[in-house]
Amino acid sequence: MIHFNYDGESGKSGYRGSSGSSGSSGKDGQNGSNGGQGSKGSNACALDLQMSAQGDQIVIIETNYQNKRTTLPLGNSSNGITFSACGGSGGRGGDGGNGGRGGDGCRGNDATQSSCGTDGGNGGNGGNGGDGGHGGDGGNGANISVRVNQEDMDILMIVGSYICYGGAGGSGGKGGFGGRGGSGGSGGSSYSWTETDSEGNTNSYSNQGGRDGHSGIGGRSGNIGRSGQSGSDGSFYYVVQGNKYYSRYNLSINSVEKVQSDDNIIEPGEYLQINQMSLANDGGMPTPTHQRIQLSLVSNQYLTFKQSDSVYIAQSINSGQKYQLQSPLKFQINEQLQPAIDSVFRVTTNLNYKATVERVNKSFENISKYATQYQIRYPVELSEIQVLRSIQLKEEAPIAFSIANLSSKPIGFETISKRLLNIRVVLNNTSYVAQFYPKAIIDQDKERRNSLEKANLSYSSDNYINPQPQDNINILLDQEFVTSLMPNEKKIISGTIKFVDLDLAYNTNYEMSVHLDLGYYHNQQNLYQTIQTRKFAIQLSQPYENKENSEYLLIVNSETKRALIEQIKQFAYSFGSHVDIWNISNYQGFNFDYVGNADKSFKELYKNKVIIVLCNDYKLINGATHNAVKQIGEKNIYNSIKFHQIQYYILGQKNLYDSKWLTSQNLDDINLYEKKVEDFDIVKKRFSRNFLDTLIKRMNVKEQEQLTIRQQHQAYQFNYLEKLYCCCVLEEKLIQQRCQKILKEIEQKNCRYYHKIIYNYRGKIIEDSIFSKLCNIGSVKVVEALRKDQAQVIERSCYIELKQEVDSVDKFCLVKLLSFEKKLLFFTRSLTNVENAKLVINCILSDLVDEFITYQKSGIPSTEYRNYMNKWNQVYEFQFQNYFQINKKQNKQDNYKANLEKQNNNDQAKIKIREYFHSQIFQFKISLSKQQNCFQKLFCCFSSLSSLISHCNYILDSISQKLFQSKKEVKNQNEIIKYINQNLLASSLVHIQQPYLNDKNLDKEGFCVSNIHMNSQFLSIQEYGIYKQDPYQSLNRIQEGSFFFLDENSQQVDQIKRQSKIEHFERLIKFQND
């Protein structure tokens, strides 16, 4: 790019006026001088270029500049020249000088005994500011002319932008500021005196002082200078063979006929052409007469244009004249040999145009910007696959999908097109583990079509333009050779898939796929192209079975990986326990009232046990996406925790469900069971310890009726009435303050539980008198929530799809959620496994911390410890010494290490477990001591806490005594712990309660023991919100055996049931939207 600059120079700015000097005493300030005038900008120089093509160069001669010669290579598309011949800007006027300050007046003479004071002198006036100088005029822009001969008109394409404006006039200078007037002088001071005459009389006399002088007047500011005038613009024009033009020729597209395929579908590989295009010369001169203009298309990712198919305009097009395309522009849609996986090949691309002047090789910008959009797709598409994604052995998974002809012509080997069309259902496995059963068991037409010679082409990858990996080794489950598919017709293919290998591993997903094969565009009758593949998987589900010694129920779904299930099972097995498995996708729901072969409902079977919920997205039978927590229902999970003592470990993405409803009963259920009482004193009595147990015992009711009673006594409501005196204002703040006190009182009274206080402000006056008024401030609900002293639900945020193993955090949580009795049982089962024993020890101590923290501020008397601290009681009564009886037949001279080496493997494990247990107890005691010191500094009265800590230390010491056979061994072990673990002084109760906080791989934000970190205990009825009913709640309906179609006794297939299930999936078929 070459730039020709013939601009004039800018004028210089005027000088700044000098400031006036200040006046002396009482004299006027001097005026500031005027600013100088800005000088005029110089005129631009006229530019006259003569351009011509000489050989392989473009020669440019500046005829008004000593015929300066510049050359460019002819035919280089990057060539370009720009011009500038603008007048110079006028100089800015100088600013006027500021006026001088007036002199201050002189001070008057003070009065004396013989004369009065004189007046102060007047201040001098300020000098005037100087005027700003005028701005200079701008220089004139010059003319620019470009001259070519007629045979060189193509060279004008390299001419780019130009400017030839007149220069802007300079701005006038600012006027100077007027000087400030001088201050008037102060008058002389007065004088007073006394005289005593001969008779002793005293007389007072005074002479007055002078008056202050007047201040001077400020000078006026100078005038702003006049701005200069802008110069006149120059002009730009072309001269061709003596003829003058003010604009060049320019082509643009007036209209283009949209390309249409013969079947209304533009598909990959297709040849197309543009037959009609209208161009217009909207420039000011004819197009070149000696050079052709090449019309072409721009190739891109989806289409190809060969330069040999370009069309040429040989004639000159006059200004304002239109031109119609004489020959078609041909192009091809690029082939797409990779099939669309789990999607549809459907793209929209721009068809861009190009008009290039030969020889100079420059294109018209307007045509290059023009584009036409086209959609590229295949004439046939495959719908999404509707399939039951989890089945048991002997069950059949209904499957249904469809193909649609989107074109305006029939497709199929028995139509006029003779184009191949085939569908394959493939098992992506080398073993024949499953079988496809079509909807119609007997279909003679399908058998006929599939037996045709052309149908057999699909059996070999040699007959595909794009053979896919594994095509020759995967197993073909079903084929549908479609011989005729009319325009806009859809064909449904459906049936069932059944696992036939009885030795398959449970909880395994078997990959399958449906392939849509279409005749290759350039050989439609003999060669296939796979254009679309839909993948899916069917899981072989494990039937639910309640094992006698299982402590866990694992809720899985169709997307759960077998490896994760096996790791959870192995973890339970390591403690001599089992894991029951419930596949919510296979059974299509989960219900706590479900009664299986055990003749007990789930809420009875898993009381005081742990349910593990894997929360990730999966497909329901209706095709909607769902997750286990939502399908079970958050409020149902809460009720099972609260009233059936079921614990939960929820693994998955927390944004998939409403976490708050796992620890809070919804308002609908509270209103259903709440009891209305007169005042808060009754509430405190009802929530006191053993009140409910005593009530149930006295009523002598059955277990189911006990549940109803507990539900009815979990929430109470009373009206808050208050007498307000004249100075009090009836406002919502009153009930808020009352609720704060209620929460504090009820948590002291019923310290084992969390509570929610929900208020509804009314603000009504019941009785009004002169000095007071009785008001109904509002209603208050007191709701008992989950336990404080034990973990009941733990949520861990993770992606189940990516989770590969059960890590140390998971293991801790799975044991932590067990009842304390089960933890002690697990401890006895892990005495030969050091790591398992350490895990259980951590969980036992964590539970003890839970209870300690719950009751440390409760103020319960020491005589009541045993009634509240059940876990501490159990660990105190547990006979640890029965499990650590280690044989010791050794000489006294043997050292500790030698003794350890002589133990057998089991004894060695027990010694390590004992040492670890004792070290953790030692750490626990240090933490309790730190807690005591901390409270001693913060609270003046901590006697109840001190008593509680003494009680806990006593129990911890008793455990240590049971671990060892003498106090001396305990003392020696303490010394060893102090020596090895110098960092024990940094221990805290939090690290004992939550040892997972030290795990480097744990996302702290993604882990929550929900009932221990419960929020929002105090809120208004408006803030509380209503539980939203799950839109798929009706689908949470257990369908055990609903996909068994074969009667085991008669060996007859229930075809009516089978057809009904298949047709249900057929109704779910849908195509990908445009």
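This is a short tutorial dialogue on reading features in a predicted model.

User: Before we start, what does this model count, and at which pLDDT?

Analyst: It's a predicted model, so local features need pLDDT of at least 70, side-chain atom pairs count only at pLDDT 80 or more, and totals for chains, interfaces and linings use all residues. Residues are numbered from 1 along each chain as its sequence is written, and side-chain values use heavy atoms, with hydrogens and water left out.

User: Okay, how is the chain divided into domains?

Analyst: Domain bounds come from an automatic or database domain assignment. Here there's domain 1 (1-105 + 128-186 + 224-246), domain 2 (247-377), domain 3 (381-540), domain 4 (544-665 + 715-743 + 752-818), domain 5 (667-710) and domain 6 (833-887 + 906-983). Between the C-alpha centres of domain 2 and domain 4 you'd find 65 Å.

User: How do I read a nonpolar core, and which residues have the most contacts inside the largest one?

Analyst: In soluble globular proteins, nonpolar side chains tend to be buried together. A core is a set of buried Ala, Val, Leu, Ile, Met, Phe, Trp, Tyr and Cys residues joined through side-chain atoms within 4.5 Å. Buried means under 20% relative accessible area, exposed over 50%, and partly exposed in between (1.4 Å probe, protein chains only). The largest core has 107 residues, and Met51, Phe83 and Phe331 have the most contacts inside it. Take phenylalanine 331: leaving aside residues up to four places away in sequence, its contacts (heavy atoms within 4.5 Å) include Val259, Tyr271, Leu303 and Leu351. There's also a second, separate core of 73 residues, with Cys751, Cys813, Ile913 and Leu948 among them.

User: What about salt bridges: how many are there?

Analyst: The rule wants a side-chain nitrogen of Lys or Arg within 4 Å of a carboxyl oxygen of Asp or Glu. That gives a count of 46. In one of them, glutamate 358 meets arginine 292 at 3.0 Å, N to O. This pair links distant parts of the chain, 66 residues apart: glutamate 358 is in the loop between β21 (346-357) and β22 (362-363), and arginine 292 in the loop between β14 (277-281) and β15 (293-298).

User: Is the bridge between aspartate 810 and lysine 803 made of buried or exposed residues?

Analyst: Aspartate 810 counts as buried because its relative accessibility is 2%, and lysine 803 is buried too, at 12%. Their closest N and O atoms are 2.7 Å apart. Elsewhere, bridges with shared partners join Glu414, Asp445, Lys446, Arg448, Arg449, Asp478, Glu480 and Lys491 into one network.

User: And how many disulfides are there?

Analyst: A disulfide is a covalent bond between the sulfur atoms of two cysteines. The cut-off is a pair of cysteine sulfur atoms within 2.5 Å, and the count is 0. For cysteine 45, the nearest cysteine sulfur belongs to cysteine 86, 12 Å away. Cysteine 45 is partly exposed at 46%.

User: Last one: which strands pair with β31?

Analyst: Strands are DSSP runs of E, at least two residues, while helices are H or I, at least four, numbered from the N terminus. Two strands pair if DSSP finds at least two bridges between them. Strand β27 (residues 396-405) runs antiparallel to β31 with 9 bridges, and alanine 404 has lysine 490 as its bridge partner. Strand β29 (residues 434-438) is also antiparallel to β31, over 5 bridges, with tyrosine 437 opposite threonine 496. As for β31 (residues 490-499), 7 of its 10 residues are buried.
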